[in-house]
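Welcome! Let's look at how aromatic rings and their neighbours are arranged here, one question at a time.

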Amino acid sequence: MIASEHIRQVTSAHIWNASHLRYVFGNRFSKDKARKASNLIDSLLKHFTSKSSSHVPKRNISKVLVANRGEIAIRIMRAAKQLGFKTVAVFSTADTNALHTRYADEAYCIGPPSSTQSYLNISSIIKAAKETGADAVHPGYGFLSEHVDFAEALEKEGIKFVGPNTKAIRAMGDKIESKRIAQRAGVYIIDGYIGEIGSDKQAIEVAKEIGFPVMVKASAGGGGKGMRVASNEKELIEAFRICKSEAESSFGDSRLLIEKYILKPRHIEIQILADEHGNVVYLPERECSVQRRNQKVIEEAPSPLLDPATRKKMGEQAAALAREVGYTSAGTVEYLVSGLDKSFHFLEMNTRLQVEHPITEAITGIDLAQSMFRIAAGEKLHIKQEDISIVGSAIECRIYAENPYSNFLPSVGNIRCYKEPTLEHLKPLSHELGARLTSLQHLNFNPYGVRVDAGVEEGLDIPIFYDPLISKLVTFGENRKDALHRMANALDEYVIDGDRLIHNVPFCRAVISNPKFVSGDITTNLIKEEWPDGFHGVALSKDQNFQAIIATASLYFRDTGYTSTVVKVSNRQEQQFLVRKVDNNIFGIQSIPLDWDGIAPESSSEEYVSSSYFKTTILGGGRVELINIETNKNLGVIQVKRLGSSRLDLVAPYTVSCFGAKFEVYLRPGYVAVLEKFMKRRDAVSQHKILKAPMPGTVRSINVKEKDTVSEGQEVAVLEAMKMQNVLRAPASGIVKRVHCAQGEIISLDQPLVEIE
């Protein structure tokens with residue numbers, strides 16, 4: 001063996017030439033040792049001349065500015081505080097009262113609501129960092145997180161960017177260049193044109209060469225922005241135009257690329273961690289196949305598709321790519337995986353912390369946000385590849401302020417009632433898993449396996465200027481079935497209510513109960529395939545219907561003192577029932593016609609629901625009541641919102657949310673129900689065909705003028721809301737009578753845009 005003292009003699013190898021070193025060792029040692037020394041010299045030279053050498057200076061981080069907003073700002077600040085750092089929040093004037101500004105130790109206003117003047121304003125953020133004395137900046141995700149100019153500007157000011165080095169950001173942020181690098185690293189890539197597409201004419205030529213369908217993508221993009229699938233030339237021309245506009249608006253870079261769209265695709269990604277000492281590890285995969293508008297909605301870890309061999313191969317390729325580009329910090333390599341044969345192809349590398357990182361933290365116990373800070377401070381990775389294993393299963397639902405019943409258009413409004421789920425009505429996790437979560441309290445899971453990363457609270461508004469994400473709901477279980485069960489109950493218990501505010505909780509509940517999803521047989525087309533005509537709610541089973549009716553009736557009986565009521569249910573089809581309370585724990589339900597005359601038909605039978613089958617407990621909640629449901633088959637929560645002005649109203653409308661369904665329920669005494677059929681109904685007022693704004697936003701273009709002839713479905717305007725551009729089409733054929741808006745105008749929900757006659 002060559003003694004360590006002799007090795008220390010050559011620690012300055014990076015300034016010596018190799019031949020001189022070999023001469024020194026050859027004179028001092030035997031021929032055999034000299035040969036071993038020669039091999040060691042090669043390793044030493046490679047190590048000491050590497051940009052990721054062990055001579056990485058330790059950096060003192062004491063105050064961190066988080067250049068973001070909402071839930072991710074709070075998540076990053078929580079990790080910073082756990083490490084003993086002071087925190088600084090930045091905010092626009094639209095976020096003056098936002099939760100993240102109060103969570104931080106101090107907050108600094110960086111500009112007006114527009115993200116280009118605030119959260120994307122590099123000079124304002126650097127000014128905030130300097131004036132508050134922050135020595136590090138964490139960008140979160142989105143906004144400036146993958147903006148190389150931001151990282152370089154911080155570097156010039158001597159402020160540490162908590163993220164990868166600028167070389168990696170630049171290389172991986174360009175989807176064209178990243179494909180070339182991935183190819184060099186031996187990573188499998190998708191067929192396509194590796195270069196910029198300059199015109200729609202060139203796009204058509206490339207698409208014909210590789211074959212439809214194709215994916216048009218923003219080269220500098222991410223988060224589903226600037227992406228469209230085209231199945232023919234007509235769709236390609238429109239996709240090219242919209243993607244170019246979205247790319248310029250979102251990233252300030254309108255370059256596009258085209259690649260083959262893989263059939264039966266699944267979106268699976270590998271998390272990596274790399275330090276500045278040359279160490280790289282990969283973590284178990286996340287499956288992100290459930291998407292709408294190319295944006296992830298539901299993620300899980302591990303994937304139900306992968307086997308250990310495929311997981312290892314994908315991980316090794318991800319690590320190889322990280323080494324090829326000299327990557328540092330946390331990053332994610334995304335793949336498209338065939339659901340047929342598990343073949344995988346490089347999609348892109350995200351040089352930031354992912355939205356869905358909590359599910360990886362759940363199954364590995366590794367705090368990714370803290371790891372980023374430790375790497376930024378110059379520390380070595382505290383884990384080795386062989387230390388990483390999978391424990392349990394985790395699922396995340398992204399809770400968005402959007403309307404799933406109207407093509408997921410963004411929704412805004414004030415949050416009047418907000419209650420996060422706890423799952424205390426379920427059994428806690430097993431002793432082993434519970435003890436594990438207790439030891440990982442910094443990951444913010446409760447003993448029932450629930451974690452909510454949120455940036456909202458009661459009384460706050462959802463603004464139109466930013467991404468519509470309200471929170472991330474995560475559940476952790478012993479296996480996938482357990483995690484799904486906990487997620488179903490968590491979604492049922494999650495209360496988010498506000499005037500005109502619509503969210504996607506019912507849709508998420510429908511997805512995780514979908515047979516294809518439950519079986520794990522999914523693709524990125526799941527939503528389109530299972531809801532081809534759009535989401536219109538969930539049709540309840542007879543058993544679920546009874547639970548919803550009796551839960552609402554029990555609330556009505558408590559408030560009014562009545563012991564019987566007629567219940568009209570409007571869920572996909574109208575139904576009416578007579579419900580009576582037989583005693584404290586027994587209810588009778590009888591189906592009756594909508595034009596009921598007050599006499600129960602002899603052919604109609606009454607079904608009795610007793611406490612041995614059905615137990616209700618009103619948990620309370622004020623504006624939205626939570627009612628615990630326990631049956632022989634199910635344990636869950638039903639949300640009931642009273643729409644009337646008083647609990648004493650005998651005619652009481654409610655909104656009921658349960659099992660992925662949301663519908664109106666109308667309760668009143670029997671005599672009122674009988675008299676209603678004699679009430680004159682008001683005819684609907686006829687009106688012109690008016691295209692109204694389906695959401696608040698900014699008018700990006702108006703493509704018609706007065707007296708133009710339009711056809712049904714023709715593009716009339718483009719409306720931008722929450723960083724997404726939405727094409728609005730004529731509701732019917734006719735002549736444009738009046739245009740009510742102008743390009744650049746900020747409009748409100750239901751504001752008239754174009755009138756057609």
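Q: Which residues form one aromatic cluster?
A: This is a predicted model, so the answer rests on computed positions. Rings pair here if their centres lie within 6.5 Å. The cluster is made of Y405, F408, F507, W531 and F535.

Q: Why is the pair of F408 and F507 described as it is: stacked or edge-to-face?
A: The ring centres of F408 and F507 are 4.9 Å apart, and their planes meet at 75°. Planes over 60 degrees apart count as edge-to-face. Therefore the pair of F408 and F507 is edge-to-face.

Q: How many residues apart are F408 and F507?
A: F408 sits in the loop between β17 (402–403) and β18 (409–410), while F507 belongs to helix α17 (residues 505–513). The pair thus links distant parts of the chain, and the separation is 99 residues.

Q: Are W531 and F535 buried or exposed?
A: These two form an edge-to-face pair, with 6.2 Å from centre to centre and 75° between the planes. Buried means under 20% relative accessible area. By that cut-off, both W531 and F535 are buried.

Q: Which ring has the charged end of R480 over it?
A: A charge counts as over a ring if, among other conditions, it is within 6 Å of the ring centre. The charged end of R480 is 5.1 Å from the centre of its ring. That ring belongs to F517.

Q: Where is L675 placed?
A: L675 helps make a nonpolar surface patch of about 510 Å², together with L650, V651, Y671 and F678. Along the chain, L675 lies in helix α21 (residues 670–675).

Terms used: Residues numbered from 1 in each chain as written. Predicted model: local features only at pLDDT ≥ 70, side-chain atom pairs only at ≥ 80, totals over all residues. Heavy atoms only, no water. Phe/Tyr/Trp six-rings, centres within 6.5 Å; stacked < 30°, edge-to-face > 60°. Helix = DSSP H or I, 4+ residues; strand = E, 2+ residues; numbered from the N terminus. Buried < 20%, exposed > 50% of the residue type's maximum accessible area, 1.4 Å probe, protein only. Lys NZ or Arg CZ within 6 Å of the ring centre and 35° of its normal. Patch = residues over 30% accessible without salt bridge, like charges linked within 9 Å, V, L, I, M, F, W, Y side chains within 5 Å. Areas by Shrake-Rupley, 256 points an atom, 1.4 Å probe, with all protein chains shown as cover. Salt bridge = Lys/Arg side-chain N within 4 Å of Asp/Glu carboxyl O.
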